[in-house]
Amino acid sequence: MGYIEYEKINKSFYTIIENYIQQNELKELLLSFIDHQSRKGYPFGELLVLHYNIFNGTETEEIYLIAASIELLILSFDVLDDFEDGDYRDKHWAQDPHLALNSTTALLFISASVIRDSQFKNKDKGISTLLKYALQSIHGQHRDLLKVCRNEAEYIEMTLQKSGSLVALSCLIGSVLATGGYAGEVETYSRYIGLIGQINNDLADIQTWNEKNDLLNKRLSLPIIYLFNYMDAELEFIQDYYRNKIDIKEILKYEELISKKFVETGAIAYTEVIKRIYQNKAKVELEKLYIENDNIELLLKYID
């Protein structure tokens, strides 16, 4: 999406907060969160507007309010995810965790309220779509927190549910508001986009040795799962770390070895292959739809 759409989504945040939040301190806190989050862009809101346009939704500025409301929902999930993962200490919302957690409750209700109060004739279906896929994402997040996904199939299934549901939510609400329904292909490639985005995060997180590193945080991702299942005596200490038999100070001594093993064992190459497989799957689904080439090009940037 272009600069104009980004700015329209950005301006809509202030309209929403002004209309739905009366408590001044809460209003200021939410605006500070929005300002912090804006550095990441608004991919979910952009996908919503893009799908509304692809399926010939009636031209209206109100679609940007809906896009902004979905970004607020994603923000609430991001904040909660950071607290649930214990990955919030360097984040903007770490200053007062109690207030931050309360603010996420407001964001969750705002997203549905904005759709409810809109003029879209299919708004009830839009709310139903939001609730359905948001709940699916929460199910996926719970599985992730339980750390029960120990092989490729389980991890992909969980990620399609956790991350894929949020992308699907955005794309499908855009389609539903435009037409009252959505094509199955849109749901499928939307989930693949979410999976691809998570794989990109997986690859980035194992290469950054700080508080974001998945291995240091005992999280499971595709490259880490690969190492878990790779028969190498030199890697047995990783299993010990995840079983709490050694602490983080000990694991940090092996930073150079672990980084080398991610390459030498093929863990990174394997993860890249899985990513390409799902990029191709997403493109196959796209080709099944009659979408203008310009819009296909816009969608393809989310599949990279």
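Right after α6 comes Lys-147, with a positive phi near 55°. This is a predicted model, in which local features need pLDDT of at least 70, side-chain atom pairs count only at pLDDT 80 or more, and totals for chains, interfaces and linings use all residues. Residues are numbered from 1 along each chain as its sequence is written, and side-chain values use heavy atoms, with hydrogens and water left out.

**Exercise 1.** Work out where Lys-147 sits and how exposed Lys-147 is.

*Solution.* Start with the backbone: Lys-147 is not a glycine, yet its phi is about 55°. Most residues other than glycine have a negative phi. Next, place the residue: Lys-147 belongs to the loop between α6 and α7. Finally, check the surface: at a relative accessible area of 34%, Lys-147 is partly exposed (buried is under 20%, exposed over 50%, partly exposed in between, with a 1.4 Å probe and protein chains only).

Now try a second case: where is Lys-218, and what is its phi? Lys-218 also has a positive phi, near 60°, and sits in the loop between α8 and α9 (222-228).

**Exercise 2.** Test the length of helix α6 against the expected rise, then find what covers its buried residues.

*Solution.* First, the rule: the expected span is 1.5 Å times one less than the number of residues. Helix α6 covers residues 123-146, 24 residues in total, so 34 Å is expected; the end C-alpha atoms are 35 Å apart, which agrees. Second, list the buried positions: they are Gly-126, Ile-127, Thr-129, Leu-130, Tyr-133, Ala-134, Ser-137, Gly-140 and Gln-141. For the spacing, recall that an α-helix has 3.6 residues a turn, so residues three or four places apart point the same way. Third, look for the cover: it includes α4 (62-85), α5 (97-116), α7 (152-179) and α8 (184-205) (contact means heavy atoms within 4.5 Å).

**Exercise 3.** Describe the whole protein chain, from its elements to its overall dimensions.

*Solution.* Count the elements: there are 14 helices and zero strands (DSSP runs numbered from the N terminus, H or I of at least four residues for helices, E of at least two for strands). Then compare the radius of gyration, taken over C-alpha atoms, with the globule rule of 2.2 Å times the number of residues to the power 0.38. For 304 residues a compact globule would come near 19 Å, and the chain has 20 Å, so the two agree. The C-alpha box along the principal axes is roughly 60 × 50 × 30 Å. As for burial, 52% of the 304 residues count as buried.
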